[in-house]
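User: Please take a close look at one strand of this model and at the sheet built around it. I would like one connected account rather than a list.

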Amino acid sequence: MLRALELARRAQGHTSPNPLVGAVLVKEGCVIGEGFHRHVGAPHAEVEALREAGEAAAGSTAYVTLEPCTHYGRTPPCVEALIAAGVTKVYSAVEDPNPHVNGGGHEVLRAAGIYVHTGLCAVQAQEINKPFFKYVGCGQPWVTAKFAMSLDGKLATRRGESQWITGKEARQRGHQLRSIADVVLVGAGTVLADNPRLTTRLSDLDGDIRNGLRVVVDSSGRVPITARMFARDLSGDSVLATTSAVDTSHCQTLRAQGVQVWQLPANSDGRVDLGALLDEIGKREKLTLLVEGGGELMGSLLAEGMIDEVCAFVAPLMIGGRDAPSPVGDPGVTELSEALRLSSLGIEKIGSDVLIRGDVLNEAQWYS
């Protein structure tokens, strides 16, 4: 099962809206077939493993990171393939919460006389598919807040200088996070200050280079059409997420140069309603959202309880200054009991910097 999980991770960033799934077939103590779901529309993990095993699959045991599917989607049901191949035992790490499956795959297998066991490496299997489980549950993407800061919690000097707080190795890790994200999100202030491209830039040795959807939240159309993230020659698509307050001609010009414009409901402050934004991203079958700033956007997501995970790169330097910006700005929270708390902490040294990574612990969890 650990090998199946390893295989599943290879497709990070390529399967949305499908989950990450790996499969291993074993017979008489030997691995006879392996597979993983590579991208949407590609054969599922079980089918890949069965094809590799061929006729030897008869009488084998399958180890799958997620319950085999029972429904026709972009590909045929995996349970039928397992039954037809003569597999006699299936170990699934976790059940598939998709209402089209949700235990039904295991029922079909048992009805066909196949032994089914659930729960092997369940924690690891749930970990790699957190975005899929959230998406199935509420239709919204998994939100990761990523930022780089100094030891004293500053992301720039009081004059706005921020390049570069962290070293090359940490910046490359940041691009790796981009490469597996379906959507990269920033606020208008970040684009005006830094004019980022929001593309993935990795060396050849760092693997597959992929650009997710680039989205800027700009409620009033402050970001100029000349912003680098709107350039025609960039790989991938760019989006202006705005409200009806934006000038119509501004939207028309952006659309003419290939930029998508999402006009979303506004909140009481006249800004893009972030819940509506997450719903829109979910409707477009995007499972993972990487938020890269700025401070007000981070602060609003924090205040509204919309952050699922934090990736904080901390550099061994101090900046100081009352007016030097922090990665999470207004409005934030007013009571310490409302503060965002993390669980499943991971701490990793990357070059001269440190990456602190953790999932958001909801109130019910950390009071228990």
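Analyst: The bridge partner of alanine 145 in strand E12 is valine 310. Helices (H or I, at least four residues) and strands (E, at least two) are DSSP runs, numbered from the N terminus. This is a predicted model, in which local features need pLDDT of at least 70 and side-chain atom pairs count only at pLDDT 80 or more, while totals for chains, interfaces and linings use all residues. Residues are numbered from 1 along each chain as its sequence is written, and side-chain values use heavy atoms, with hydrogens and water left out.

The bridge at alanine 145 is part of a longer pairing: strand E6 (residues 142–150) and E12 run parallel and are joined by seven bridges. Two strands pair if DSSP finds at least two bridges between them. E12 is also joined to strand E14 (residues 353–361), by six bridges and in the antiparallel sense. Valine 310 takes part here too, with glycine 358 as its bridge partner in E14.

E12 itself spans residues 309–315 and is mostly covered, seven of its seven residues being buried. Buried means under 20% relative accessible area, exposed over 50%, and partly exposed in between (1.4 Å probe, protein chains only). In a regular strand the side chains alternate between the two faces of the sheet. In E12, Glu309, Cys311, Phe313 and Ala315 point one way, whereas Val310, Ala312 and Val314 point the other way, and all are buried.

Cysteine 311 has a relative accessibility of 0%. A search of the whole structure finds zero disulfides, a disulfide being a pair of cysteine sulfur atoms within 2.5 Å. For cysteine 311, the nearest cysteine sulfur is that of cysteine 138, 19 Å away.

The wider sheet is open and mixed in its pairing, with nine strands in the order E10-E9-E8-E7-E11-E6-E12-E14-E13. Its edges are strand E10 (260–263) and strand E13 (341–350); each has a single partner strand, so one side of each is left without a neighbour in the sheet. Neighbouring strands are turned by 20 degrees against each other on average, direction ignored. Axes are lines fitted to C-alpha atoms, for helices over the stretch in contact, and angles run from 0 to 180 degrees between N-to-C directions.

Helix H6 (residues 130–138) packs on this sheet and touches E6, strand E11 (288–291) and E14, its direction making about 130 degrees with that of E6. Contact here means heavy atoms within 4.5 Å. Another helix, H9 (residues 248–256), lies across E9 and E10 and runs at about 145 degrees to E10.

At the E10 edge, strand E9 (residues 238–242) pairs with E10 in the parallel sense over four bridges. Threonine 242 of E9 has glutamine 263 as its bridge partner in E10. Threonine 242 is buried, with a relative accessible area of 0%. Not counting residues up to four places away in sequence, its contacts include Asp218, Ser219, Val261, Gln263 and Val272. A polar atom of its side chain lies 3.2 Å from the backbone oxygen of serine 219.

Technical notes. Polar contact = N/O pair within 3.5 Å; in protein donor to acceptor, adjacent residues only side chain to side chain.
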